[in-house]
Structures are given as C-alpha cells and as structure tokens.
Amino acid sequence: MASIFTKIIAREVPADIVYEDDDCLAFRDISPKAPVHILVIPKREIVSLADLTDDDEAVMGRCVVAASKIAVSEGIAESGYRLIVNCGSDGGQEVPHIHFHLLGGRKMTWPPG
C-alpha cells in the first residue's frame, strides 16, 4: 500500500507544495509544530534512515539543499531553523517514507522531545 507521501507525489492527495525538483518535493505539514513546518521528501520511496544505501546519497543531499533553499524563501534562514529526520517508531516516524521536518519561525528548545 502506498504511503500518504507517495500519493502526494502522484497528486492523488492535495498538499500545499512549496518546492519541487526532479528528486524532491516539499509541502507544508498539515499539523504544524512551528510557524514554519515543511516536510521535504525524496520522490523515490525510501522507508527510513535505516534503509539508506550508498545509492541514496545524492537524493538525500538534494533534499538537504532543498531544505536550505526553502528556509531562505520562507524567511527563516537568518534567524535559524531546525531540520529533523525521525527514524522508526521510537524515533517518532509516523509515515513509512523518509522525510525531513523543516521547522522555524520561533525559538527552538533543547532537548526536542
């Protein structure tokens, strides 16, 4: 069964898309935890960090660069932001498709959870 993110990539489920290139897609989280909360995903389905291989290096790098560009366009690059990847159920991963949470627009606290 396809994940919700796979359905968003295929445009079967609507999303507020803020960035797209050949490898990555980024959209606003439907349950934001900060004023800016954007999910950055590879278009190729990779379940989690634990499933990465050497073949995934370029697409993961593209997602991180995309997050950096989005931070600029969202106006949070100078004040700062957080880029998070949850891995597995104990790590807080809810969707079985690797994704980065780009959070900003407020002061972040530590530890996060």
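In this predicted model, the side chain of histidine 99 comes to 2.7 Å from the backbone oxygen of histidine 97. Histidine 99 is also the position at which UniProt, in an unreviewed entry, places the feature "active site". The residue sits in the loop that links strand E4 (81-84) to E5. With a relative accessibility of 6%, histidine 99 falls under the 20% limit and therefore counts as buried. Its surroundings are easily listed: once neighbours within four places in sequence are set aside, histidine 99 is in contact with Phe5, Leu39, Val40, Ile41, Ile84, Val85 and Gln93.

Some of these names return in the nonpolar cores. In soluble globular proteins, nonpolar side chains tend to be buried together. Here, the largest nonpolar core has 18 residues, and those touching the most other members are Ala26, Ile38, Val40, Met60, Cys63, Ile70 and Leu102. At least two residues of this core come from each of strand E2 (24-28), strand E3 (36-42), helix H2 (57-73) and strand E5 (100-104). The greatest share is that of H2, which supplies 7 residues.

Methionine 60, one of the residues that touch the most other members of the largest core, deserves a closer look. Apart from neighbours within four places in sequence, methionine 60 is in contact with Pro42, Ile46, Leu52, Ile98 and Phe100. A second core, separate from the largest one, consists of 8 residues, among them Ile8, Ile9, Phe27 and Ile41. Returning to histidine 99, its contacts include Val40 and Ile41; Val40 is a member of the largest core, whereas Ile41 belongs to the second.

Conventions:
Residues are numbered from 1 along each chain as its sequence is written. This is a predicted model: local features need pLDDT of at least 70, side-chain atom pairs count only at pLDDT 80 or more; totals for chains, interfaces and linings use all residues. Side-chain values use heavy atoms; hydrogens and water are left out. A nonpolar core is a set of buried Ala, Val, Leu, Ile, Met, Phe, Trp, Tyr and Cys residues joined through side-chain atoms within 4.5 Å. Buried means under 20% relative accessible area, exposed over 50%, partly exposed in between (1.4 Å probe, protein chains only). Helices (H or I, at least four residues) and strands (E, at least two) are DSSP runs, numbered from the N terminus. Contact means heavy atoms within 4.5 Å. UniProt positions are given in the numbering used here, feature names are shortened, and annotations may be inferred rather than shown by experiment. A polar contact is a pair of N or O atoms within 3.5 Å; within protein, one must be able to donate a hydrogen and the other to accept it, and residues adjacent in sequence count only if both atoms are side-chain atoms.
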